[in-house]
Structure formats: C-alpha cells, structure tokens
Amino acid sequence: MIHIFTRLKHAQKKVIILGLNEKIGNLPGLVELWSSINSIVKPLAEAYEYDYIDINDYVKTDADLTDELGGAHYKRSIYKKFSDVIADCIAKCVSSIPTTFISGYL
C-alpha cells in the first residue's frame, strides 16, 4: 500500500480516500475488519496529505444504513453527503490550479 501511495504522491495525483464504516451495522467481523483497515489507511492518508473522508462522521445510527446489507451500504441521503464532501475536495483542488494552466486545456 505504501508503494501505491508513494507513486501517486510523486505523480502529483489528487487522492481522496473514503474511509470504511467501523461503528454501525450487524455484519459479524466485517465492522471490525473495516476498523482495522481504517487504522492503517487513515494515518497513511494524513502522512501523504491526501484527503480522507471519515464515514463515521456521517453514519451515526442503523437508520443511516440500507436494510439489506447491515453496514455495507447506506441510505441515499448519506451517499449524497459523501458526494458533497468529495465535490468540495475537488473544488478546493481545482481552485488551487493557476488559471493559465487550466486555460491551456480549454
């Protein structure tokens, strides 16, 4: 994983990482697995200065989950919140690009 993060950083790629649900749901073992993955990925995202969206800031109760998968998927309103945060990350990235650079591609 470090190799991938390093290559993306050297290539000056914009990276947005959406963390995993580690608190809500009834999938035995999976929520714990996702928590373990987050504990590895989140510090790496911070070290590489990548945007990290913590799902646990948005998924608060079982009511935020879809009925059929017990923690793996969310209600549409939650996905909308994720998309808004991702759009904000992209907007910040685009606003930091010099306009002379952008106009060369138009």
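Here is a walk through this predicted model, helix by helix and then loop by loop.

Let's start with H2, the helix that runs over residues 30-47. Its 18 residues should span 26 Å at 1.5 Å a residue, and the end C-alpha atoms do sit 26 Å apart, so the expected and actual spans agree. If you look for the residues of H2 that are hidden away, you'll find Val 31, Trp 34, Asn 38, Val 41, Leu 44 and Ala 45. Asn 38 is worth picking out when you scroll along the helix, since it belongs to that buried set. As for what lies over these residues, the cover includes H1, E1 and E2.

Now follow the chain off the end of H2. You come to the loop that leads to E2, and Tyr 48 is part of it. This tyrosine counts as buried, because its relative accessibility is 16% and the cut-off is under 20%. What does Tyr 48 touch, beyond its neighbours within four places in sequence? The answer is Ile 2, Phe 5, Thr 6 and Lys 9. Another residue to look at here is Leu 8: it is 40 residues from Tyr 48 in sequence, yet the two C-alpha atoms are 9.4 Å apart in space. For reference, helix H1 covers residues 2-10.

Glu 49 also sits in the loop between H2 and E2, but here the picture changes. Glu 49 is exposed, at 67% relative accessibility. Its backbone deserves a look too: phi is near 60°, a positive value in a residue that isn't glycine.

You can find that backbone feature elsewhere in the model. Gln 12, in the loop between H1 and strand E1 (16-18), has a positive phi of about 60° and isn't a glycine either. Is Gln 12 buried or exposed? It is exposed, with a relative accessible area of 73%.

Go on past E2, which takes in residues 51-53, and you enter the loop that runs to H3, where Asp 54 is found. At 17% relative accessibility, Asp 54 counts as buried. Its side chain reaches the backbone nitrogen of Asn 56, at 2.9 Å.

That loop brings us to H3, residues 76-95. This helix has 20 residues and reaches 28 Å from its first C-alpha to its last, close to the 28 Å expected at 1.5 Å a residue. Its buried residues are Ile 78, Phe 82, Val 85 and Cys 89. They cover an arc of only 65° around the axis, so they fall on the same side of H3. Turn to the other side and you'll see Arg 76 and Ser 95, both exposed. E1 and E2 are among the elements that cover the buried residues.

One last stop is the cysteines. How many disulfides does a search of the whole structure find? It finds 0. Cys 89 is in no disulfide, and the nearest cysteine sulfur, that of Cys 93, is 9.4 Å away. Why no bond from Cys 93? Its sulfur is 9.4 Å from the closest cysteine sulfur, in Cys 89, and that is too far, because a disulfide needs the two sulfur atoms within 2.5 Å. The surroundings of this pair are worth a glance as well: Cys 89 is buried, with a relative accessible area of 7%, whereas Cys 93 is partly exposed, at 25%.

Notes
Residues are numbered from 1 along each chain as its sequence is written. This is a predicted model: local features need pLDDT of at least 70, side-chain atom pairs count only at pLDDT 80 or more; totals for chains, interfaces and linings use all residues. Side-chain values use heavy atoms; hydrogens and water are left out. Helices (H or I, at least four residues) and strands (E, at least two) are DSSP runs, numbered from the N terminus. Buried means under 20% relative accessible area, exposed over 50%, partly exposed in between (1.4 Å probe, protein chains only). Contact means heavy atoms within 4.5 Å. A polar contact is a pair of N or O atoms within 3.5 Å; within protein, one must be able to donate a hydrogen and the other to accept it, and residues adjacent in sequence count only if both atoms are side-chain atoms. The expected span of a helix is 1.5 Å times one less than its number of residues. The arc is that of the directions from the helix axis to the C-beta atoms.
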